[in-house]
Amino acid sequence: MEGKITIVVVGYNRPEAMARILKSLAAAAYGDYTDIRLVVSIDHSGNGEVVRTAEHFEWKYGEKQVICHPKRLGLRRHILSCGELTRKYGAVMVLEDDLYVSPDFYRYAAKTLDRYGDHPKIAGIALNTKRELLESSYPFFPLRSGYDIFFQQFATSWGQVWNERMWDGFKKWYDLHPELPDHKDVPEVVLHYPETSWAKFYQTYIVDTGKYFVYSYDSLTTNFGDAGVHFGNVSSTSQSVLFYGKKEYRMPEFEEGVKYDIYGEPVGLAACLGLSEEEFTCDMWGRKKRAAYRRYVLSSRELPFRVIRSFGMQMKPMELNVTEQVEGNALFLYDTGTPEPTKRKKEKPVDLKLLEYGYGVMDGRDLLRFALKRMREKFRK
C-alpha cells in the first residue's frame with residue numbers, strides 16, 4: 001500500500017462551500033485506503049458557521065482535526081501554512097473549499113504520488129485539469145499517447161498534492177525570493193496576480209527550476225467559482241469536466257512522458273525541426289514575451305524575421321502539424337538572427353484564426369456579446 005496522504009481542506013468564510021466539499025469527500029470511494037487523516041484549516045473571519053460546519057462533519061475514514069487560526073492570515077500565508085504540514089505528515093493534499101472532488105480522487109493522488117513522488121523534476125501532483133490554456137480564451141488539448149498522465153510546468157491551485165521533498169524545494173526558493181522576480185518565461189498576467197496569491201510564486205519557481213506538475217487527462221476536481229478572495233461573482237466558467245469513474249492509471253516514465261510548458265506549448269518539439277532546445281522557442285499560440293525568444297521561434301504570429309519553414313494549422317493538438325509535416329502557411333519557423341519585413345497576405349486576424357481552430361465556426365454576434373460582457377465585468381472590478 002502506498003504512503004498515506006493527509007487531506008487538508010482550506011476554508012475562510014463560506015459555510016455552504018465548506019459543507020459542499022466535505023460532502024463530496026464523504027461520498028468518494030477510498031477502496032483499500034484506510035486511516036485517512038482529514039485536516040480542516042480555517043482562516044479567521046469571524047464567521048462561526050464555517051467552524052461549526054467543519055466540527056459537526058462526521059469523517060468515517062480516520063482522524064479529523066479542525067484548525068481555527070486566531071488571526072487573519074490571508075490566502076497566501078494560509079496556503080503556505082498548509083504546505084508546512086508536510087513536515088508533520090509527509091504528504092498533504094490541499095483542497096480549497098470551492099472545489100468538488102471526483103469519487104476516484106484519492107486513489108489517483110496516492111498512485112501518482114507513489115509513482116513520481118521521489119522524482120527530482122516533479123514539484124507537485126495536480127488533481128484539476130483545465131480545458132483552456134492558462135489565462136487564455138484558447139482551448140488546451142494535450143497530446144494523447146496511450147497514457148493517462150502528462151506533465152506541465154503549471155502549478156494548479158484547484159487541488160494539489162505535495163510531499164515534504166516537493167514542498168521543501170519550493171520553500172527554500174521562496175525564502176530566497178521575498179519579492180517575486182520578473183521572470184521572462186512566466187506570463188505577465190501570472191506575475192501580476194494579487195499579492196494574496198501563493199500560486200504566482202509557485203508558478204515562477206517551477207519555471208525557474210525546470211520542474212513539472214503531474215496531470216491526469218481527466219480532471220479529478222472541479223471548481224464552483226464561488227465568490228471569494230479572487231472571484232467577484234459566482235461563475236460556472238471555472239467548472240472542469242469531472243471524471244466520475246474508476247480506472248487503473250497508466251503512467252509513463254517521466255523522461256518519456258508528454259510535456260508542456262506553462263503556456264501549454266509542447267516541450268521537445270525542437271528535435272523534429274533539427275534544432276536544439278537551447279536555441280528554440282515554441283510559441284505556436286503566440287502568447288510569449290519577445291524577451292523570451294531564442295534564435296529560432298515557431299509561432300502563428302507574423303514576426304519581422306526570415307521564415308525558414310511553414311506549416312498548416314489543421315491537426316489537433318497543434319504540434320501534430322509539425323511532427324506530421326502538414327503543409328500550409330499558418331505556423332512559421334523564424335530565424336530571429338535575420339530581420340526581414342513581413343510580406344504575407346493576411347487572410348484574417350491571427351486571434352480569430354486561433355479561435356476558429358480551437359472551437360470551430362465562430363458566430364460574430366456571440367463574440368461581440370461576449371466581448372462586451374467581459375469589458376463590463378472588468379470595468380466594474
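Let us begin with the sheet: in this predicted model, nine strands form an open sheet with mixed pairing. Their order across the sheet is E3-E2-E1-E4-E8-E6-E9-E7-E11. At the edges are strand E3, residues 64–68, and strand E11, residues 259–260, each of which pairs on one side only. As a general reminder, strands of a sheet pair through backbone hydrogen bonds, either parallel or antiparallel.

Please look now at one pair within the sheet. Strand E4, residues 91–96, and strand E8, residues 160–163, run antiparallel and are joined by four bridges. Within this pair, Val-94 stands opposite Gln-160 in E8. Helix H6, residues 164–176, lies across strands E6 and E8, and runs at about 90 degrees to E8.

I turn next to the nonpolar cores. In soluble globular proteins, nonpolar side chains tend to be buried together. Here the largest nonpolar core has 109 residues. Which residues have the most contacts inside it? They are Ile-7, Leu-25, Phe-105, Tyr-202 and Leu-298. Helix H5, residues 105–116, gives the most to this core, with seven residues. A second, separate core has six residues, among them Tyr-293, Val-297, Phe-332 and Tyr-334.

Ile-7 deserves a closer look. Leaving aside residues up to four places away in sequence, Ile-7 touches several residues, including Leu-25, Tyr-30, Trp-59, Met-93, Leu-95 and Phe-105.

Finally, we come to the cavities. How many cavities of 30 Å³ or more are there? The count comes to two. The largest has a volume of about 100 Å³. Among the residues that line this largest cavity are Thr-129, Lys-130, Glu-132, Phe-140, Phe-150, Tyr-215 and Gly-264.

Notes: Residues numbered from 1 in each chain as written. Predicted model: local features only at pLDDT ≥ 70, side-chain atom pairs only at ≥ 80, totals over all residues. Heavy atoms only, no water. Pairing = 2+ DSSP bridges. Helix = DSSP H or I, 4+ residues; strand = E, 2+ residues; numbered from the N terminus. Contact = heavy atoms within 4.5 Å. Axes fitted to C-alpha atoms, helices over the stretch in contact; angles between N-to-C directions. Core = buried A, V, L, I, M, F, W, Y, C linked by side-chain atoms within 4.5 Å. Buried < 20%, exposed > 50% of the residue type's maximum accessible area, 1.4 Å probe, protein only. 1 Å grid on protein atoms, 1.4 Å probe; cavity = no way out; pocket = protein on both sides within 12 Å on 5 of 7 lines; lining within 4 Å. Points joined across faces, edges and corners; volume = space filled by probe spheres on them.
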